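Reader: I would like to go through this model with a few specific questions. Please keep the answers short and give the reasoning before the result.

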Amino acid sequence: MAFLFIFLTFFFTVHGQGSELLWLENDSIRVSISKKGAELQSIKGKISEFEYLWQGNGEYWADRAPIMFPVNVRFRDNEFYFRNVKYDMPKMGILKERFMTVKHKSNDEVTLSFVPNKEILHENYPFLFKISVRYKLTDNTILNEYVIRNDDTHSMYFALGGHPGFNLSLGQPNDRKKHELFFYKSLSAQRELIKNSLLKDSVAPFLQNETTLGFDDDRIPNTGIFIKDSVITKIGLAKSGQKPYISLILGNFPNVNIWSPPGYPFVCIEPMASHHDFEDSPKDIEKKSHLVTLKPGETVKYYFLIQIDQSL
């Protein structure tokens with residue numbers, strides 16, 4: 001009886017009406033999304049049978065693909081002020097720990113939405129808004145789409161970012177050094193320097209007419225690789241000398257951060273609208289000039305794409 005109870009509890013947790021997980025699939029891929037934070041939990045190829053998304057653990061990083069809103073990584077001192085009132089802003093923002101409402105669901109598409117409650121308006125973020133997150137599968141591609149509407153009577157200020165982590169092992173022991181970033185064309189770019197998840201007022205050389213960058217390259221820092229107004233439109237992950245097995249297309253996100261500290265068995269490719277606070281950013285949110293400003297009643301849409309290749 002005890003075994004039956006445990007089995008039924010598991011079954012209804014995963015498959016029942018109260019399930020935290022939502023499943024999408026087509027002929028090529030199968031994806032799961034948590035209602036908590038609308039976070040991707042799994043990306044599996046039906047042909048390759050690979051798990052492409054990092055399966056978080058405490059040794060390296062416990063998350064998988066959190067949505068960053070209304071902050072990219074963090075504000076200085078994890079706080080801000082709006083009209084002389086102080087608000088605490090958790091790292092990664094306010095969506096990560098919040099359960100979202102399913103508005104539409106089919107076999108290959110789902111839309112979830114979130115509207116802040118009084119607790120959030122009081123403690124974390126004073127603006128009335130609605131955010132919708134849509135995932136749609138088309139062949140080997142996953143659309144990640146975000147629609148933000150300002151329901152307030154004054155302008156709202158925010159950042160938005162995806163934070164998917166991708167495996168560098170594909171089920172094998174960590175062979176990070178045999179992998180590389182693939183940029184699809186020869187690029188030159190500088191990276192903004194980061195300290196304590198804040199941007200410094202300085203840059204460093206990064207790409208010099210290169211199409212690939214190996215993960216054993218000493219230019220990959222412990223902090224993120226942030227590229228503002230990115231010349232990069234598509235980033236792939238590949239085993240050295242091969243074509244990419246997964247790629248992220250930035251869509252209409254203007255900036256990108258790449259986070260993969262040396263020795264880690266995954267890489268996060270983070271499309272960003274806006275970016276981290278600077279080390280000397282003002283605490284007044286209305287004076288943070290790097291944030292997106294949305295006027296009352298306005299709506300904005302951002303998207304990026306994830307593509308897998310199962311022919312490897």
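**A buried arginine and its surroundings**

Author: In this predicted model, Arg191 is buried but forms no salt bridge, and its nearest side chain of opposite charge, Asp217, is 8.9 Å away.

Reader: Why does Asp217 not count as a salt-bridge partner of Arg191?

Author: A salt bridge needs a side-chain nitrogen of Lys or Arg within 4 Å of a carboxyl oxygen of Asp or Glu. Asp217 is the nearest side chain of opposite charge to Arg191, and Arg191 has no salt bridge because the distance to Asp217 is 8.9 Å.

Reader: Which strand holds Arg191, and which arginine does Arg191 touch?

Author: Arg191 sits in strand E14, residues 179-195. Leaving out residues up to four places away in sequence, Arg191 touches Ser202, Val203, Ala204, Pro205, Phe206, Pro221, Gly224, Ile225 and Phe226, among others. The arginine in that list is Arg219.

**Strand E14 and its partners**

Reader: How many bridges does E14 form with E15, and how many with E17?

Author: E14 pairs with E17 (residues 234-239) in the antiparallel sense, and Leu181 stands opposite Leu237 there. E14 also runs antiparallel to E15, where Phe182 has Thr212 as its bridge partner. The counts are ten bridges with E15 and four with E17.

Reader: Which residue in the hairpin of E14 and E15 takes a positive phi near 55 degrees?

Author: Most residues other than glycine have a negative phi. Ser197, in the loop between E14 and strand E15 (198-214), has a positive phi near 65 degrees. The hairpin has two residues between its strands, and the residue with phi near 55 degrees is Asn196.

**Strand E9**

Reader: How many of the ten residues of strand E9 are buried?

Author: Strand E9 covers residues 129-138 and is mostly covered. E9 pairs antiparallel with strand E8 (residues 109-114) over six bridges, with Ser113 opposite Ser132. Of the ten residues in E9, the number buried is seven.

Reader: Which residue in the turn between E9 and E10 has a positive phi?

Author: E9 and strand E10 (residues 141-150) pair in the antiparallel sense over ten bridges. Thr138 stands opposite Thr141 in E10. Two residues lie between the strands of this hairpin, and the one with a positive phi, about 55 degrees, is Asp139.

**The open sheet**

Reader: Which strands are the edges of the open sheet of three strands?

Author: The order in this sheet is E1-E2-E3, with antiparallel pairing. An edge strand here pairs on one side only, and the two edges are strand E1 (21-25) and strand E3 (40-45). Neighbouring strands are turned against each other by an average of 15 degrees, direction ignored. The edge strands are thus E1 and E3.

Reader: What is the bridge partner of Val31 in E3?

Author: Strand E2 (residues 29-34) runs antiparallel to E3, and five bridges join them. Within this pairing, the partner of Val31 is Ile43.

**The loop between E4 and E5, and the cores**

Reader: Which two residues are joined by a cis peptide bond?

Author: Most peptide bonds are trans. Pro70 lies in the loop between strand E4 (67-68) and strand E5 (79-82). The bond has an omega of about 0 degrees, and the residues it joins are Phe69 and Pro70.

Reader: Is Val73 buried or exposed?

Author: Val73 lies in the loop between E4 and E5 and has a positive phi near 70 degrees. Its relative accessible area is 8%, under the 20% limit, so Val73 is buried.

Reader: How many residues are in the largest nonpolar core, and how many in the second?

Author: In the largest core, Ile43, Phe69, Tyr125, Phe158, Leu160 and Leu237 touch the most other members. The second core is separate and includes Met68, Val73, Ile194 and Phe226. The sizes are 76 residues for the largest and seven for the second.

**An aspartate in E6**

Reader: Which class of accessibility does Asp88 fall in?

Author: Asp88 lies in strand E6 (residues 85-88). Beyond neighbours within four places in sequence, Asp88 is in contact with Asn78, Glu79, Glu123 and Asn124. Its relative accessibility is 44%, so Asp88 counts as partly exposed.

How values were computed
Residues are numbered from 1 along each chain as its sequence is written. This is a predicted model: local features need pLDDT of at least 70, side-chain atom pairs count only at pLDDT 80 or more; totals for chains, interfaces and linings use all residues. Side-chain values use heavy atoms; hydrogens and water are left out. Buried means under 20% relative accessible area, exposed over 50%, partly exposed in between (1.4 Å probe, protein chains only). Contact means heavy atoms within 4.5 Å. Two strands pair if DSSP finds at least two bridges between them. Axes are lines fitted to C-alpha atoms, for helices over the stretch in contact, and angles run from 0 to 180 degrees between N-to-C directions. Lys and Arg count as positive and Asp and Glu as negative; His and the chain ends are not counted. A nonpolar core is a set of buried Ala, Val, Leu, Ile, Met, Phe, Trp, Tyr and Cys residues joined through side-chain atoms within 4.5 Å.
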